[in-house]
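Here are three short exercises to work through with a structure open beside you. Take your time with each one before reading its solution.

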Amino acid sequence: MNRTNSASVQYGAPVASKSAAKRSKAGRNCEMPGCATLLSTYNASTTCWLHTTATPRHPLSPTIEPR
């Protein structure tokens, strides 16, 4: 079997220097007083989903903002 793109495939865990800069600090709490929710490192917001204001968007609009 010929693999034409196998040289660019990375195996194993991601390199910490590349992925760690894009994530937020681990162990952050929601900013709202009295909220004990621990935020995920993948959540870039400073508040949990309960305290984040919703942004209305049309259901058929693209998920990525056009340039």
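The exercises below concern a predicted model, and each is followed by a worked solution.

**Exercise 1. Cysteines**

Work out how many disulfides the structure holds.

Solution. Start with the cut-off: a disulfide needs two cysteine sulfur atoms within 2.5 Å. Now take Cys-30, whose nearest cysteine sulfur, that of Cys-48, is 3.8 Å away. Cys-30 is therefore in no disulfide. Next comes Cys-35: its sulfur is 3.9 Å from the closest cysteine sulfur, in Cys-30, which is too far for a bond. The total for the structure is zero disulfides. As for their surroundings, Cys-30 is buried at 7% relative accessible area, and Cys-35 is also buried, at 15%.

**Exercise 2. A charged side chain**

Find which side chain of opposite charge is nearest to Arg-28, and which backbone oxygens the Arg-28 side chain reaches.

Solution. First, place the residue: Arg-28 belongs to strand S1, residues 28-29. Arg-28 is buried but has no salt bridge. The nearest side chain of opposite charge is Glu-31, 7.6 Å away, whereas a salt bridge requires 4 Å or less. Then look at the backbone: the Arg-28 side chain reaches the oxygen of Asn-43 at 2.4 Å, and one of its polar atoms lies 3.2 Å from the oxygen of Ser-40. Finally, its contacts beyond four places in sequence include Thr-37, Leu-39 and Thr-46.

**Exercise 3. A tyrosine**

Decide whether Tyr-42 is buried or exposed.

Solution. Tyr-42 sits in the segment after strand S2 (38-39). Its relative accessibility is 64%; the threshold for exposed is over 50%, so Tyr-42 counts as exposed.

Notes: Residues are numbered from 1 along each chain as its sequence is written. This is a predicted model: local features need pLDDT of at least 70, side-chain atom pairs count only at pLDDT 80 or more; totals for chains, interfaces and linings use all residues. Side-chain values use heavy atoms; hydrogens and water are left out. Buried means under 20% relative accessible area, exposed over 50%, partly exposed in between (1.4 Å probe, protein chains only). Helices (H or I, at least four residues) and strands (E, at least two) are DSSP runs, numbered from the N terminus. Lys and Arg count as positive and Asp and Glu as negative; His and the chain ends are not counted. A polar contact is a pair of N or O atoms within 3.5 Å; within protein, one must be able to donate a hydrogen and the other to accept it, and residues adjacent in sequence count only if both atoms are side-chain atoms. Contact means heavy atoms within 4.5 Å.
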